[in-house]
Amino acid sequence: MKILVTGGAGFIGCNFIYYMLDKYADYEIVCLDALTYAGNLKSLTEALKNPNFKFVKGSISDKAFVDALFDRESFDVVVNFAAESHVDRSIENPFIFLETNVMGTACLLEASKKYGVKRYHQVSTDEVYGDLPLDRPDLFFTEDMKLITSSPYSASKASADLLTLAYHRTYGLPVTISRCSNNYGPYQFPEKLIPLMIVRALDDKNLPVYGKGINVRDWLYVEDHCKAIDLIIHGGIPGEVYNVGGHNEKTNIEVVKTVLRYLSKPESLITYVKDRAGHDLRYAIDPSKITAALGWKPETEFDSGMKKTIEWYLANTEWIDEIKSGEYAEYSKRIYG
Ligand code: NAD
Ligand code: TDX
């Protein structure tokens, strides 16, 4: 089995590569990644020592390059993680989100069709369903809901989902889609809520909480997401969408206070700042389809997942320091002052 993993130098992709190399000793994995600000080859240091793993630098939206790669490598399976993934950046500059998330997906789908890939898996997000109200805890995202997006990021991801399903219906390409809730864990770029708060709290910087901190996210430990994708690419039905999430809803302020408690830092670091434009109120996944169809269940409790995550950041200060020395400093200054 030869798998192309795009975006594997990013957070979830690199966790997926480690999970798969560990579980399947005879699989070959090729990672295609453009190494944008969010991609980090250092995250793949251990994988690069494995003879079954290869890294290729390039963009999923470079059609000629993607075609040549597929021609050379004959992939059985494609798992597309590559994306511009941060909502705040999409509000600043939507166009790169369309280029990578829509056109990049189109290039991968076209090459998968041309070269007879046996399974194309699109890594999507719960954000394609828009948001749920805060006062209706009985409502959850299900796979049959309409796509109603809020940010340029979620609009680009929803577009990619529609294109993926169109390649199934029109050309018979064996596709699957997973729509997962917010992930946390090792190797997450510190622009996202949890690592941002860890990194800033360690530096005794203020912790910028948008609005009143009452927005709700449904947190899943990254390894549980990787396990779900593994099950889908092996047992999922072509043309189907699978929601992935573990009924672990927390308000943002609860999450930030949890980080402070683990690090023994004072709550006085919390600063309420201007709300995100178009800020989604609540995400909450109903994972009953993937549980019934493939036996998936989240295995890591939030407390132990947070402990593992924070310990990873404390043990990997070099990884963080390198990020802080690059484009990140300029971004942080621009966004947080
Ligand atoms: P990330 O930003 O950490 O990583 C994205 C990776 O894609 C980076 O390595 C980057 O270099 C690469 N990339 C960007 N543009 C590229 C291009 N044109 N060609 C090739 N590579 C390119 O993102 P992540 O958090 O790991 O998310 C991975 C996927 O999972 C995304 O598709 C995202 O939409 C989805 N997702 C993320 C979450 C989450 O909580 N982080 C939840 C649900 C779904
Ligand atoms: O500084 C901050 N302060 C703050 O209050 C940041 C960065 C975020 N927040 C809030 C906004 C959200 O309500 O925290 C919540 C989580 O924010 P993000 O980490 O930016 O994630 P979110 O916008 O929920 O999107 C994430 O989940 C779905 C990922 O970034 C997406 O890639 C994924 O598809």
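Trainee: What makes the pairing of ligand 1 with Thr36 a polar contact in this predicted model?

Mentor: An oxygen atom of ligand 1 sits 3.0 Å from a polar backbone atom of Thr36. The cut-off for a pair of N or O atoms is 3.5 Å, so this pair counts.

Trainee: And how do you know that Gly39 and Thr100 belong on the list too?

Mentor: For Gly39, a backbone N or O atom is 3.5 Å from an oxygen atom of ligand 1. With Thr100 it's a side-chain N or O atom, 3.5 Å from a nitrogen atom of the ligand. The rule says within 3.5 Å, so both pairs are in.

Trainee: How do you know how much of ligand 1 the protein buries?

Mentor: Take ligand 1 alone and it exposes 830 Å²; the protein buries 96% of that. Helix H1 (11-23), strand S5 (119-125) and helix H5 (152-171) are the elements giving two or more residues to its shell. S5 gives the most, with three.

Trainee: Why are Ile12, Asp33, Ser85, Tyr153 and Lys157 singled out around ligand 1?

Mentor: They come nearest, out of 28 residues around that ligand. By class, the shell has 13 nonpolar, 13 polar and two charged residues.

Trainee: Let's move to ligand 2. What makes Ser85, Arg276 and His279 polar partners of ligand 2?

Mentor: Distances again. A polar side-chain atom of Arg276 is 2.6 Å from an oxygen atom of ligand 2, and one of His279 is 2.7 Å from an oxygen atom of that ligand. Ser85 uses a backbone N or O atom, 2.8 Å from a ligand oxygen. The limit is 3.5 Å, so each pair qualifies.

Trainee: How much of ligand 2 is covered, and which elements help to form its shell?

Mentor: The protein covers 94% of the 650 Å² of accessible area that ligand 2 has on its own. Helix H3 (87-92), helix H6 (193-202) and strand S8 (207-210) each give two or more residues to the shell. The largest share, three residues, is from S8.

Trainee: Which residues come nearest to ligand 2, and how do the classes split?

Mentor: Glu127, Tyr153, Arg276, His279 and Tyr336 come nearest, of 22 around the ligand. The shell divides into nine nonpolar, seven polar and six charged residues.

Trainee: Why is one space called a cavity and another a pocket?

Mentor: A 1.4 Å probe fits in a cavity but cannot get out, whereas a pocket is an open set, so the way out decides the name. The search of the whole structure finds one cavity of 30 Å³ or more. The largest cavity has a volume of about 60 Å³, and its lining includes Glu127, Arg276 and His279. That lining has three nonpolar, four polar and four charged residues.

Trainee: What about the second largest pocket?

Mentor: That one holds about 290 Å³ of space. Of its 14 lining residues, Asp88, Tyr210, Lys274, Asp275 and Ile335 lie nearest the centre. H3, S8 and helix H12 (327-336) each supply at least two. By class it's seven nonpolar, one polar and six charged.

Trainee: Last one: how do you know that the radius of gyration agrees with a compact globule?

Mentor: For 337 residues, a compact globule would come out near 20 Å, and the protein has 19 Å, so the two agree. The C-alpha atoms fill a box of roughly 55 × 45 × 35 Å along the principal axes.

Conventions. Residues are numbered from 1 along each chain as its sequence is written. Chains are lettered from A and ligands numbered from 1 in the order in which they are written. This is a predicted model: local features need pLDDT of at least 70, side-chain atom pairs count only at pLDDT 80 or more; totals for chains, interfaces and linings use all residues. Side-chain values use heavy atoms; hydrogens and water are left out. A residue is near a molecule or strand if one of its heavy atoms lies within 4 Å of it. A polar contact is a pair of N or O atoms within 3.5 Å; within protein, one must be able to donate a hydrogen and the other to accept it, and residues adjacent in sequence count only if both atoms are side-chain atoms. Accessible areas come from the Shrake-Rupley method with a 1.4 Å probe; for residues, only the protein chains shown count as cover. Helices (H or I, at least four residues) and strands (E, at least two) are DSSP runs, numbered from the N terminus. Ala, Val, Leu, Ile, Met, Phe, Trp, Tyr, Cys and Pro count as nonpolar, Asp, Glu, Lys and Arg as charged, and the others, Gly among them, as polar. On a 1 Å grid over the protein atoms alone, a cavity is a set of points where a 1.4 Å probe fits but cannot get out, and a pocket is an open set with protein on both sides within 12 Å along at least five of seven lines; lining residues have an atom within 4 Å of a point. Grid points are joined across faces, edges and corners, and a volume is the space filled by probe spheres set on the points. The radius of gyration is taken over C-alpha atoms; the globule rule is 2.2 Å times the number of residues to the power 0.38.
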